[in-house]
Each structure stands twice: as structure tokens, then as C-alpha cells.
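Reader: Could you walk me through how to read a fold like this one? I'd like the general idea, then the case at hand.

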Amino acid sequence: MKLAINIKNITKTYPGVLANSDVSIKVKSGDIHAIVGENGAGKSTLMKILYGMVKPDSGNIEIFENKANMSSPKDSINLGIGMVHQHFMLAKNLTVLENIILGIDRPFLKNIKLSKYKTEIQKVMELYSLNIDLNQYVDELSVGEKQRVEIIKVLYRGAKILILDEPTAVLVPQEVKDLFKNLKDLKNNGVTVLFISHKLDEVLEIADEISVMRSGQMIDTVLNDNVSKTQLAEMMIGKSLPTPPARLTSTDEEVILKVENLKSNDENGRTIFEDVSFEVHKSEILGIAGVEGNGQKEVVEAIIGIQALDSGKVIFKNNDLEKQGTRERLESGISFIPEDRQLQAMIMEMDLTNNVIIGRQNIKKYKSSLGTVKMKNAVNESEKVISAFEVKTPGTSTLATALSGGNQQKFVVGRELEDDPSLLIASQPTRGIDIGAQALIWEKLRNSRDEGLSVLLISADLEELIGLSDRIIVFYQGKLVKEIEAENITPEDLGSYMTGLKK
Amino acid sequence: MSTILFIKVFLYLQLVGQGVKVTRMKSKWLILFMVFSLFLVACGGGSDEAAVEEVVDEEPAETLDAPATTAAPAEPEEDPMGICLVLDIGGLGDLSFNDLAYAGYEKAVADFGMEGTFLEPEGGGENRGELLELCAEAGNDLIIGNGFLFDASMNEVAPNYPDTNFAITDGVAEPGNVRGMLFNHAEGSFLAGVAAALKTQTNNVGFLGGVDFPLIHEFEQGFIAGVKAVNPDIEIQIGYATVAPDFGGFNDQVKGKEIALAQYEAGADIIYHAAGGTGTGMFEAAKEVSESTGSKVWGIGVDFDQYYQVGNALPELQEYILSSMVKSVDVSIYNAAKATMEGTFTGGASVDNLATGGIYLSYSGGYIDDIKDQIDSYKEKIMSGEIVPPSARP
Amino acid sequence: MKMRFRLVSVSAPIIALTISFGLSSLILLIIGKDPYETFKIMFEYGIRGKSIVSIINRSIPLYISAIAVAVGFKMGLFNIGVEGQYLMGSLVAAYIGAQFSIITPLHILFIIIVAVATSSLWAAIAGYLKVEKGIHEVISTIMLNYIGTGLIAYSLTTIFDEPNSNYDLPRTKELPETGKMPPLNKFFNIEDLQDLHGFLVIAVLVGIFYYWLVWKTTLGFDLRITGSNPIAAKFSGINPNKLVVIAMITSGGFAGLVGLGPLLSYFHRYTIDFPTGLGFAGIGVALLGRNHPFGMAVGALLFAFLQRSAQILDLNDVPKEIEQMMQAFILLIVVVFYEVIRRFIVKQQVKDASKRSDE
């Protein structure tokens with residue numbers, strides 16, 4: 001069979017880092033080929049080399065069995081390689097059609113004949129059975145549709161090899177299904193798909209062949225049929241997966257958090273959420289499921305006082321929090337892990353010592369009676385967090401931005417668990433991080449729960465949600481539509497509740 | 001200019017003294033160039049060479065074609081007198097006070113072969129004193145602070161240089177070596193008012209002040225008194241561009257035009273301005289109104305004989321300049337320079353008025369020649385003391 | 001941060017200064033002047049005793065103005081209104097300070113308090129407008145500068161005016177002897193030179209206080225994290241509205257001190273000749289000094305040095321505007337190089353961190 005990509009002995013070193021070490025990989029034409037590996041395993045570097053964004057130190061690449069010499073993405077595009085980045089590169093106030101033709105080489109100042117482009121693009125869409133309304137504004141599209149626009153964009157530019165970087169990280173289960181269907185159609189039409197992920201289930205579902213990378217090296221390439229999830233995971237992290245220990249303690253009856261009839265409208269008077277009531281018990285993990293945009297994020301933000309309430313009560317340890325600001329709530333024993341660690345949880349250009357203080361600036365541990373920051377305590381605390389949560393960093397004075405995503409997240413989780421809170425609100429605590437970090441965070445959450453911590457967990461990763469939670473509540477269109485014991489549900493069922501298919 | 005000339009010659013002689021070691025100079029350059037060679041990549045090395053040569057060549061060349069070199073710079077023992085003019089905020093090109101002072105200074109430099117330096121303060125305050133001191137240290141013989149704001153700095157600096165002559169325009173200072181050059185603005189403005197009153201067809205005239213503060217009130221009150229002396233029934237519109245301490249009103253043509261247009265539209269056919277560069281806007285307004293309505297309106301200038309000053313720069317405005325209340329700052333400065341040259345300089349206040357000829361109404365353009373007799377009779381009454389134009393608001 | 005990063009940081013202004021000298025030399029060459037001699041004359045004039053005193057006196061208000069601006073910058077708040085704030089503060093302090101006489105230290109302390117209070121109040125308006133009405137502080141502070149100028153003009157010519165002989169120039173009553181700040185000449189044994197403003201002491205204290213406030217207190221911590229990442233700051237429990245008002249008032253408080261150097265040590269009254277533009281100059285100094293108390297001190301001294309030493313240029317037939325160009329060059333280039341160096345440091349740290357994870 002013809003090879004679409006033949007990467008031979010690629011080595012790329014950055015000063016102090018061996019990003020790719022003698023990496024070779026063969027991708028058969030018309031295959032869906034997955035590359036899995038932890039964050040920092042070298043996947044991104046390899047893709048950047050393949051896409052012409054980075055030049056390797058040694059080794060060479062053959063595309064469709066011709067030696068390729070790429071020095072920029074433009075060269076790769078000309079060779080038929082297209083890349084769909086994890087973060088979409090779309091202009092949201094333009095239509096789909098305009099976005100697709102944006103940046104196409106054409107004579108300067110010449111009239112753009114939209115209709116001509118439109119028919120061409122529609123041909124491409126028909127060929128690969130990709131559907132989208134070309135006249136819609138990108139702003140109005142769902143995440144999955146935006147991704148489809150990106151795919152059409154690269155296909156229209158003549159891509160025969162499609163690189164997808166973590167394509168499912170931003171999608172809900174139904175959208176993932178659609179994407180996979182699209183990918184299979186592409187495959188049937190002869191397009192080669194390179195699928196980068198660390199979600200092993202998805203990889204096993206879609207890929208023909210799977211290549212596993214670890215610390216800059218190519219461990220192995222295996223056929224899908226010949227490998228199990230456990231085997232893949234072991235190849236990826238180099239050790240056996242930690243199996244969740246059976247729960248030893250049971251949920252306490254004591255109610256830690258109680259919310260009653262929460263309701264909030266946005267500035268246009270539209271309801272964000274209403275009639276939301278639930279309780280979190282001591283030593284319990286309550287999972288919140290919901291497709292993004294169904295009000296669950298706002299509900300937890302209302303609990304810590306960032307989202308304003310129109311009515312309803314938040315009662316934490318028998319105290320009504322109505323009069324308390326975010327700071328008082330955080331200091332009274334609520335910890336919060338926001339969904340976006342870089343935007344909401346850390347100051348990227350500050351070092352870890354400073355980052356450990358964030359959220360607790362005013363507690364006695366960090367604030368002297370003079371109003372000054374107790375830096376020594378901060379150094380001690382950040383050292384504690386670094387060792388307890390195995391954060392890989394040269395030291396406490398390293399800038400947060402210098403850490404990998406997994407290490408940043410471990411640090412944030414560590415920080416939030418450091419002061420023995422009564423309630424932890426964790427929003428997407430393991431989104432976009434490697435398996436090693438994920439396993440560690442899961443373990444820490446479970447242990448804390450067993451020791452009496454109450455956790456309110458929001459996650460788009462349904463397996464995580466089901467695996468960790470004791471109970472799950474489901475949000476749909478701003479309302480709490482279902483409450484289930486976690487043991488009794490499958491991801492498929494949960495997905496149906498989340499999308500309103502089941503009630 | 002001659003100070004600069006002197007320093008240039010001095011530098012040149014220094015170079016000659018070193019045998020004009022061009023190679024050595026180049027090494028200096030080399031260091032400089034190496035520092036920013038990065039930025040010179042685009043310029044190329046050749047042009048640097050050319051630039052060096054140009055400068056080396058230029059030093060003596062400039063010496064030769066420098067202006068008014070009656071004092072031979074090569075003979076240092078014949079030390080020329082030095083004059084230093086420190087202008088006020090607004091600086092050169094204000095079409096008013098500073099330009100006028102500069103004209104006197106320039107004439108003195110040319111006529112007496114003085115070494116001239118003029119400086120502009122960077123924002124008031126302590127800097128005035130610093131600049132006066134700088135001039136004094138440089139060995140100038142006459143130092144002029146152009147404007148009443150220099151009074152405090154004069155009091156501070158002049159006593160330290162008792163052998164140096166100082167002069168201040170529109171102000172007085174205590175030290176004996178400072179000449180306070182004052183002007184009776186009310187007298188001249190009175191005559192401007194007389195002329196306006198005699199010439200108005202609409203029995204409605206205007207006054208445009210630059211900055212609303214007591215100095216300009218002298219112009220305003222003199223003008224009002226002059227108008228009323230001829231015909232108490234004439235309506236007088238008063239407008240100011242800004243209020244002190246905002247001195248932007250002396251240099252705001254747009255505002256001047258706006259105010260003047262409003263006054264013309266309200267019936268005035270002659271406006272007298274005491275607003276420096278702002279007044280140019282008034283003349284523009286006069287032209288615009290005259291052309292659009294068909295009936296001619298006028299402006300009366302101030303400080304300079306603006307028939308020539310504005311008329312030269314903007315000839316299309318000349319025919320709207322009825323007259324000017326001339327305030328001869330240039331003459332006063334020239335006279336101070338002359339006294340310094342002759343060794344007859346005296347300190348203390350000196351007031352220029354209609355009698356000394358430092359203040360007068362101009363007849364340029366001939367538009368008010370027909371009323372010269374009447375103006376002259378008022379002028380005599382003022383000079384004799386029969387009429388004392390008020391210089392402050394009641 | 002490690003020593004080597006600190007050294008790298010310092011290189012940015014030095015590079016900027018060098019390049020700016022280079023570019024200025026080029027321009028001097030183009031207009032036919034000898035750059036070497038020009039800079040030599042400037043330097044020789046600039047290091048004379050009187051010049052040094054003048055430079056220090058000039059740098060005092062520049063420095064304090066930079067600090068006022070920097071407090072806002074630290075939290076991402078652009079207080080463009082330092083100009084109006086310090087003029088208002090100076091005027092009110094000059095007027096009230098001249099009404100009575102008590103012993104010097106108390107009198108000066110009183111004047112300082114009045115100035116700080118007035119300027120803070122004036123700045124608080126912008127804070128209030130931002131928090132309550134959502135008006136961006138750049139717009140409101142610029143507008144407040146205009147309003148301030150008008151208010152000053154009105155009140156100086158009416159309620160605060162002291163009638164006087166010199167064309168009745170608008171001015172306040174002179175401060176009594178007890179309200180004048182004694183010069184420091186005796187202390188430095190330079191009694192033959194002009195007054196070295198006693199306000200220098202206050203400026204140094206202000207610098208230390210600013211450092212303590214921003215880098216040592218939790219308020220400063222809140223300011224800094226809000227400046228770096230307002231969203232994370234909000235999630236950490238900071239009430240952004242409250243902080244905006246606090247920062248604005250603090251910035252205005254520092255602004256109140258800007259005019260006091262000239263007022264207490266030189267003018268002793270508010271006149272129409274009172275120095276303006278210091279509030280805007282402070283923005284440049286804050287930028288150059290990267291909001292750091294030491295950096296801004298160096299920046300203020302540098303700009304003061306350039307201003308003072310440029311005075312000699314007119315006497316040498318070199319346009320002194322070259323000095324303003326140099327200041328502009330320095331600012332422009334330094335901004336670029338700060339960014340270059342910031343990226344360099346982040347890169348180095350990323351490398352260090354990934355080295356660590358390889359182990």
C-alpha cells in the first residue's frame with residue numbers, strides 16, 4: 001500500500017530538551033492514523049515539523065513517497081497537508097464562506113466572485129459529505145460546526161492529508177460522533193487523517209493504526225485490532241494504569257452546601273438558570289453534567305459569588321452566603337478550581353510562590369498584621385504543593401507560564417486542597433492534561449473526599465464524571481433535569497440526558 | 001549668532017591644533033558608529049564616510065559664510081558685545097510679542113555687530129532663571145527677558161551679575177541693573193477706539209482680547225474710553241479667547257476667528273484685537289464676512305504695524321486691516337542694545353507712550369487718513385494730560 | 001527572579017539609550033553638526049555643580065509623577081489625569097497653606113495632607129465614573145484634566161487670587177516662612193550653589209513607600225495580579241470595582257505630591273508660571289523605569305539630565321529639540337526591548353522547566 005507520510009529518523013532538540021529523538025513513522029494512504037502520548041511526549045513538535053512550522057535537526061520526510069523539503073506551512077499546504085488546530089483560526093464576524101476563502105491566493109484588488117467560490121466549495125462539501133450553511137456567520141456556529149468549517153477550509157485548499165490536533169477536546173459526545181462520521185467519510189474518499197489525541201477510547205474507536213509516543217520517542221505503532229486500552233495506556237505512561245480503589249468510606253449525612261431555587265438572568269433578561277436546588281453532603285463528590293452553555297458553569301460561579309443571583313439562597317455550613325463577597329466565601333472554606341487554569345486560576349507571568357497565594361491573599365497565613373505579604377510562608381506552601389503533587393519545576397521561582405499544562409493544573413489543584421477546605425468546586429479539573437497528571441489529580445480528589453471533603457465536580461469528560469462522582473446532577477437549558485447515583489449510569493445515558501433526548 | 005560662531009571657530013582651532021588629525025577623528029566616529037552599526041546597515045558604510053567628510057569640510061565653510069561677521073572672529077581680543085534674548089512661552093513665530101522682540105534684537109545684532117543668542121524657555125517656572133543665568137555666565141552684556149513673567153527670575157539672577165545689563169519687557173524688577181520696559185497700552189488703545197468710533201457705520205464695534213487678565217484689560221479699557229469719547233451710544237462687544245492662567249488665547253487663530261465672526265454677525269463692523277497670533281483669525285473673519293455680506297468690515301491690529309506684518313504673510317488679508325496700535329518692543333530692545341554699546345545703559349522703569357513715540361496708531365494703507373485731524377487732537381489731549389485713558393477695569 | 005535575569009532586564013534601557021544616542025548622532029550628522037562635540041558639550045555642562053542641583057530638582061516632581069502613574073499601571077489602570085490632579089492639589093494646598101503659620105514640620109505636613117487629599121478626591125471621580133458608569137478611565141481622566149484647568153483658572157482668578165502689582169497676575173498668597181521647605185545645601189555642603197530642594201527627602205521616602213506598598217503588601221499583590229490577569233484576580237476574590245477606586249485614589253494621592261517640590265521649595269505660591277506637563281512627563285518615566293521605584297528614579301534623573309544639559313545647545317547653534325527626540329527615541333526603543341527581553345526570560349524559564357521534567 002502506498003505511504004502518505006514516511007517520517008524517517010527525525011531528531012529535534014531545543015536547548016536542554018530533546019523534543020523528538022530519532023522518530024520514524026509510516027502512515028498509510030487512506031488510513032486514519034492516531035498518534036497518542038502524554039503532553040510533552042513530542043507529538044506537537046512532530047506535527048509542527050510535518051506542517052513546516054519547525055525545522056528538524058536531522059532526518060527527513062517523504063510525502064506520498066516523494067522527498068519533501070518543507071520550510072513553511074505554505075510548502076506543506078502545497079504538498080497536500082492541512083492542519084486543523086485545537087484553537088480555531090476563524091474570523092467570527094464573517095460568514096462561513098468568507099472564512100473559507102480568507103487568505104486564498106488571488107490577484108490583488110480583484111473582485112471576489114463569491115458565487116464561483118461557493119460552487120467550488122459546495123463540490124468539496126458534497127464529495128466528503130460535509131454539511132454546513134455557507135452563509136451563516138461563524139459567530140452563530142456551535143463548536144463542532146466551527147471545527148467542520150476548519151476541515152472544509154483545509155480540504156478546499158487541496159489537502160489530501162489532514163492533521164487534527166486534539167480535535168475532540170472541545171466537543172460534546174454527540175459532536176464527537178458527528179466528527180467521527182465525517183472522518184470516516186473522508187477516509188472513504190481517500191483522505192489520510194492524522195489524529196492526535198490522548199483520549200484512548202476515541203482513538204480505539206476511530207483509528208486504523210495507532211502510534212504511541214513517550215518522552216520524545218516513538219514507542220511503537222500498532223494496529224487497532226491488536227491492542228487494548230490498558231496496553232495503550234501502559235505504553236503511553238510507561239507503567240500500569242492506577243486502578244481506582246474501592247470506596248472505603250461512605251457519604252456523610254451532614255449537608256455542607258445547600259442551594260435553593262437559584263435563578264439568574266443575563267443583562268438582556270434571558271434566563272441563565274432557574275429553579276436550581278441541590279445539596280452536597282460531607283465526604284461526597286457531586287458531579288454536574290451538562291453540555292457547555294446550559295447554565296452549570298454560571299451556577300458554580302454563583303456559589304462563589306462571581307455570578308449575581310436574582311433570587312435563591314446559597315447556604316454553606318448553615319450560613320447564608322448572600323451578604324458575602326467572593327473573598328469571604330473563599331476564606332470561609334470553599335476552594336475553587338476554575339475551568340481555565342491559565343485565564344482564571346494563575347498569573348502566568350508570576351512565579352509559583354506568588355501563584356500559591358492567589359485566592360487566599362487575606363488569610364493569616366499570608367497576610368501580616370501590617371498588611372504585608374508573608375513571602376516566606378508562600379515559599380513554604382508552594383514547596384509543599386510541588387512535592388505533594390509532583391509538580392515538575394526547577395523551583396518555586398519559576399514562572400507559571402514555563403510549566404506544562406499538566407504541571408500547572410497539578411499546582412492549582414494542590415493549591416486549592418492545601419488548606420483543608422470543606423468544599424471544593426472543581427470545574428474541568430483535568431481538561432487538556434496528560435494521563436499521568438490526570439491520574440494523580442483523580443487520586444488526590446478521591447483521597448480528600450475519603451477524608452471528608454465535599455466536592456462539586458463539573459466535567460465534560462463523562463468517564464471522569466461517572467468514575468469520580470458519588471451522585472450526578474444534569475443540567476439542561478438552565479434547569480436541573482436529572483439526579484442519578486453514579487454507579488447506575490453509562491456515558492451514553494448521561495449524554496442523552498445532557499442533550500435533552502431523555503428526561 | 002556670533003557666540004555660536006565663536007564656539008565654532010574655537011572648536012575648529014582646536015581641531016587645527018591637533019593638526020586636524022582626521023584619522024583620530026575617525027576613530028572617535030568609529031566608536032560611535034560601531035555602537036549603532038546595526039541601524040546603519042541600510043544606510044551603507046559609504047554614506048557614513050561622506051557624512052564625516054562633510055562635517056570636517058563644513059566647519060570652516062560655515063565660518064566664512066556666517067552672517068554679519070563685521071566682528072572678526074579670528075581676533076579674539078576684539079571681544080564683541082553680547083546680547084541675549086530669552087523669549088517667552090510661545091516662542092518665535094507667534095506673530096506678536098516674541099516676533100517683535102526678535103525683530104529688535106536682530107536689528108541690534110546686525111547694526112552693532114553684537115554676538116546674539118536667543119533662547120526659549122521650556123515651560124516656565126525655574127527655567128526662566130536658569131536661562132538668564134546661562135546667558136550671564138556666557139558673558140553677554142545685555143540680557144533681555146521678554147515678558148512680565150521674568151520679574152521674579154530677574155530679581156533672583158540680576159544681583160549676581162552686577163556688571164551685566166538686564167532688561168524686562170512689560171515688567172519691572174528691583175535690581176538697579178534691570179531696565180523695566182513698560183508701555184502705556186491704554187493711550188494707544190484709546191486712539192484705536194477713537195478711530196473705530198469715527199469709522200463705524202453700524203455704531204457697533206468689537207474688542208477681541210487674547211487672555212482675560214489685567215494686562216489685556218489695559219487695551220480693553222483704553223479702547224472703550226476712546227470709543228465712548230467720540231460717541232457714547234456706540235455698542236461695544238467684548239470677547240476673550242481664554243482666561244488666565246490659560247495663555248493659549250494668545251495663539252489660537254481658530255478661536256479668534258470664531259469670536260470675531262460672532263461679533264461681526266452681531267453687527268460690529270470694526271474689531272480691535274489685543275490677542276497676538278489669535279488676531280490673525282480675526283482678519284480672516286473680516287475677509288469672510290466682507291465677501292459674504294458685501295459690506296466691508298475691518299480689523300485693527302496690535303503690537304506690529306500689521307498692515308505690513310500680516311499683509312506680507314497673507315496679502316489677501318491686507319485690505320481689511322484698518323490700522324494698528326503699534327507697541328514698539330523692537331525699538332525698546334534696540335535702544336537698550338544701543339545704550340549698552342554706548343555705555344549709557346540705565347536701570348529702572350522706563351515707560352513708552354504716545355509722547356515717546358513707542359506707542360502710536362499706524363496710518364498704513366491710508367484707510368484712516370481722512371480722520372487724522374480728529375485722532376491727532378485726541379492724541380494731543382492725552383499727551384497734555386487733559387485725557388487720562390483708564391488702564392484698569394473700574 | 002534569579003540574578004542573571006535581573007542583569008538581562010537591565011540591558012534593555014542600556015541598549016535603548018545607546019541606540020538612541022546613535023540615532024540622534026545620525027540626525028545631528030544630517031543637519032551638519034558634530035555629534036561627538038555636541039554630546040561632549042552637553043555632558044560637560046550637565047555635570048557642573050549647578051547643573052547637578054538643577055537636575056535633581058527637576059527629577060523630583062518627575063519621579064513622583066512617574067510613581068503616581070505607575071500605581072495605576074501596576075493594575076492595568078491608565079491614570080492619564082495625574083496632570084490635572086497635581087495641579088488641583090498644588091493650588092488648593094498653596095492657598096490653604098498660606099492662610100496661617102505653625103511650626104515648619106507641621107506646616108509642611110499639613111500642606112502635604114491637603115494636596116494629597118485634594119488630588120485623591122479629584123482622581124476618585126474618575127474611579128467612581130469607571131465603576132458606577134463604566135466610563136473608561138483614559139477618557140474620564142483626560143476630560144477631568146480639562147475641567148481641572150478650567151476650575152483652576154476660575155478659582156485662581158477669583159477666590160484664590162491675591163491682588164498684586166504686576167498686572168495683577170493671578171496668584172495665591174505667598175506661603176509664610178514656616179511653610180517653605182528648607183533647602184538641603186547645608187547638608188551636602190554646597191552652599192555656593194542654588195537651592196537643592198528639600199523635597200528630595202520626601203521623594204526618596206515616597207519611592208520607598210511605593211515599593212513597600214506594591215511589592216510587600218497584600219493590597220499591592222492584589223494590584224499586581226489584577227494588572228496581570230484581571231479574570232484570575234476576580235476568581236481569587238478580589239472585588240475589581242473596589243480595587244479600581246482604591247488604586248485611583250492612591251494614584252491621585254501620589255499625584256498630589258508632584259507639585260509640592262516646586263511649590264514648597266521654589267514658588268511658595270501658585271502662579272500662572274507654575275510648572276505644567278509634569279503629569280504627562282511622568283507617564284514616559286514610568287514606562288522607562290518599568291514601574292520599578294529604582295528604575296523610575298534612574299529614568300527621572302536621565303530625563304532631567306537631558307533636559308538640563310540640552311539648554312547649552314542653543315548657545316552652540318544646535319537645536320535643543322534634539323533632546324526631545326532623544327527622549328522619544330529612548331522611550332520607543334526601550335518599549336521594544338523590554339518586550340524582547342521579557343520573551344527571552346520566559347523562553348529561558350520554559351527551557352529550565354522542561355529540563356527539569358526530563359530528569
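Author: Start with burial: a residue is buried if 20 or more other C-beta atoms, placed from the backbone, lie within 10 Å of its own, exposed if 12 or fewer, and partly exposed in between. By that count, 55% of the 359 residues of chain C are buried. Keep in mind that this is a predicted model, where local features need pLDDT of at least 70, side-chain atom pairs count only at pLDDT 80 or more, and totals for chains, interfaces and linings use all residues. Residues are numbered from 1 along each chain as its sequence is written, and chains are lettered from A in the order in which they are written.

Reader: Which helices and strands does chain C have?

Author: Helices (H or I, at least four residues) and strands (E, at least two) are DSSP runs, numbered from the N terminus. Chain C has 15 helices and zero strands.

Reader: And what order do the strands of the open sheet in chain A follow?

Author: Strands of a sheet pair through backbone hydrogen bonds, either parallel or antiparallel. Here, pairing takes at least two DSSP bridges between two strands. The six strands of this open sheet run 16-17-18-13-19-20 in chain A, with mixed pairing. Strand 16 (334-337) and strand 20 (479-485) of chain A are the edges, each pairing on one side only.

Reader: In which sense do strand 13 and strand 18 of chain A pair?

Author: Strand 13 (residues 285-289) and strand 18 (residues 454-458) of chain A are parallel, over four bridges. Within that pair, L286(A) sits opposite L456(A) of strand 18.
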